[in-house]
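The following report describes the architecture of one protein chain, proceeding from a single strand pairing to the surrounding sheet, the helices and selected residues.

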Amino acid sequence: FQAEDGIRDQPRSRGLGDVYKRQIMIKPGKTVKDIKISNESTAHDIFNELGQSGGFESRNVADGVEILTDMIQDENCLKFLSFIGAIVSTGFRGIIRDMIKKKWCDVVITTCGALDHDIARHFAEYKEGSFTMDDKELADQNIHRLGNVLVPMENYGPLIEEKVQNILEQAYNAGKKEFSTADINRELGKSMGEDSFLYWAYKNNISVIVPGIMDGAVGSQVWMFAQKHPDFKLDLIEDANFLSGLIFKAEKSGALMLGGGVPKHHTLWWNQYREGLDYAVYVTTAQEFDGSLSGALVREAISWGKVTKHAKETTIHAEITTVFPFMYKALLEKLEK
């Protein structure tokens, strides 16, 4: 839609002072078209149809594919990928891994939970469950429940403790005494295999920043390691130095933000120092009425200077593991063409 502002001097009520009503003159956009899908339709074709359907959230999804296509192909754009940890406990981990493997981003910002699940699922297994299972029974069987994913206790805490302590010990004995979160994740990636997103980040020299690293199993192991090695230092300032070095040199910047919380905000926060993101796609189930950062639409960040006024941006209200695999398929087809 195109809008033209017009002020009309029409007080709503006498006695309330000069209260004026702003009237917006609306010019309709393109004609709404019926979606046509045949046996021969590709994901690329379907998303093109969605973009012309005028229909609710499908328009945002179609816009997201277009924006991400432009962002990924823009060689002058510094690309961020931020995501919440919970989705790494699911099969969606494979899409995160493959996007990093394909170098669709230059830097990753995530949570400690993402590290926990990547390590645990590389060295062990999670199981399928359901949202309706009896959690008291699960506790008696030493099984954690994450939504409808079951995490056997021995495949999580004890396993992560063993692996992280060994990895940190090796790096420490090699002379490394101070670590940023990017340094820690690089060491973790070295010890993983091709199923791991940390491995491909290490392999492709893509830094993984975790601002809230102490909020999880890996963070607890970093703390425990520091208890035994008083000269060990966790340097969060070095992460900031790294991000500032990227941001202040970036001609353009863009971000795919899967879920909210600290990863989303950290991505937006740093981009305000270059007057905001030029591309921004955000997928969330959070609502904005509570004033939360997770619920805030991308366009709200324009008022903070975290997204530029002329950015290509959209917020997609959907559950990540449901909608993004289809977006990913459409991106693959569009980028191949």
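Phenylalanine 83 has leucine 258 in strand E11 as its bridge partner. The model in which this pairing is found is a predicted one. The two strands concerned, E3 and E11, run parallel and are joined by 7 bridges.

**The parallel sheet**

Strand E3 comprises residues 77-83, and 7 of its 7 residues are buried. The burial extends to both faces of E3: Cys77, Lys79, Leu81 and Phe83 are buried on one side, and Leu78, Phe80 and Ser82 are buried on the other. E3 is also joined to strand E4 (residues 107-110), by 4 bridges and in parallel orientation. In this pairing, phenylalanine 80 has valine 107 of E4 as its bridge partner.

These strands belong to an open sheet of 6 strands with parallel pairing, in the order E9-E4-E3-E11-E12-E13. Strand E9 (207-209) and strand E13 (307-317) are at the edges; each has a single partner strand, so one side of each is left without a neighbour in the sheet. On average, and with direction ignored, neighbouring strands of this sheet are turned by 15° against each other.

Further along the order, strand E11 (residues 252-258) runs parallel to strand E12 (residues 277-284), and 5 bridges join the two. Glycine 254 has tyrosine 279 in E12 as its bridge partner.

The table lists the bridge counts for three pairings within this sheet.

| Strand pair | Bridges | Direction |
|---|---|---|
| E3 and E11 | 7 bridges | parallel |
| E3 and E4 | 4 bridges | parallel |
| E11 and E12 | 5 bridges | parallel |

**The antiparallel sheet**

An open sheet of 3 strands is arranged in the order E5-E7-E6, and its pairing is antiparallel. Its edge strands are E5 (127-128) and E6 (143-146), each of which pairs on one side only. E5 runs antiparallel to strand E7 (residues 149-152), and 2 bridges join them. Within this pairing, lysine 127 stands opposite leucine 150 in E7.

**Helix H4 and its contact with H9**

Helix H4 spans residues 112-123 and contains 12 residues. From its first C-alpha to its last, H4 reaches 17 Å, which is close to the 16 Å expected at 1.5 Å a residue. H4 is mostly covered, with 9 of its 12 residues buried. The buried residues of H4 are Cys112, Gly113, Ala114, Leu115, Asp116, His117, Asp118, Ile119 and Ala120.

The axis of H4 comes within 7 Å of the axis of helix H9 (residues 217-228), and the two cross at roughly 95°. H4 is therefore roughly perpendicular to H9. By class, the residues in this contact are 5 nonpolar, 1 polar and 1 charged. On the H4 side, Cys112, Leu115, Asp116 and Ile119 take part, and they meet Ala217, Val218 and Gly219 in H9. In an α-helix there are 3.6 residues a turn, so residues three or four places apart point the same way.

**Individual residues in helices and loops**

Phenylalanine 56 lies in helix H2 (residues 56-73). Its phi is near 50°, a positive value in a residue other than glycine. Phenylalanine 56 counts as exposed because its relative accessibility is 80%, above the 50% cut-off.

Lysine 103 is not a glycine either, although its phi is positive at about 60°. Lysine 103 is located in the loop between helix H3 (93-101) and E4. With 53% relative accessibility, lysine 103 counts as exposed.

Glycine 291 occupies a place in the loop between E12 and E13. Its relative accessibility is 64%, and glycine 291 therefore counts as exposed. Between glycine 291 and phenylalanine 248, the separation is 43 residues in sequence and 30 Å in space, C-alpha to C-alpha.

**The chain as a whole**

The chain contains 12 helices and 13 strands. Its C-alpha trace spans about 75 × 50 × 45 Å along the principal axes. Of the 337 residues in the chain, 45% are buried. When contacts between residues at least 6 apart in sequence are considered, 71% join residues at least 24 apart.

Key. Residues numbered from 1 in each chain as written. Predicted model: local features only at pLDDT ≥ 70, side-chain atom pairs only at ≥ 80, totals over all residues. Heavy atoms only, no water. Pairing = 2+ DSSP bridges. Expected span 1.5 Å × (residues − 1). Buried < 20%, exposed > 50% of the residue type's maximum accessible area, 1.4 Å probe, protein only. Axes fitted to C-alpha atoms, helices over the stretch in contact; angles between N-to-C directions. Parallel < 35°, antiparallel > 145°, perpendicular 65-115°, else oblique. Contact = heavy atoms within 4.5 Å. Nonpolar A, V, L, I, M, F, W, Y, C, P; charged D, E, K, R; others polar.
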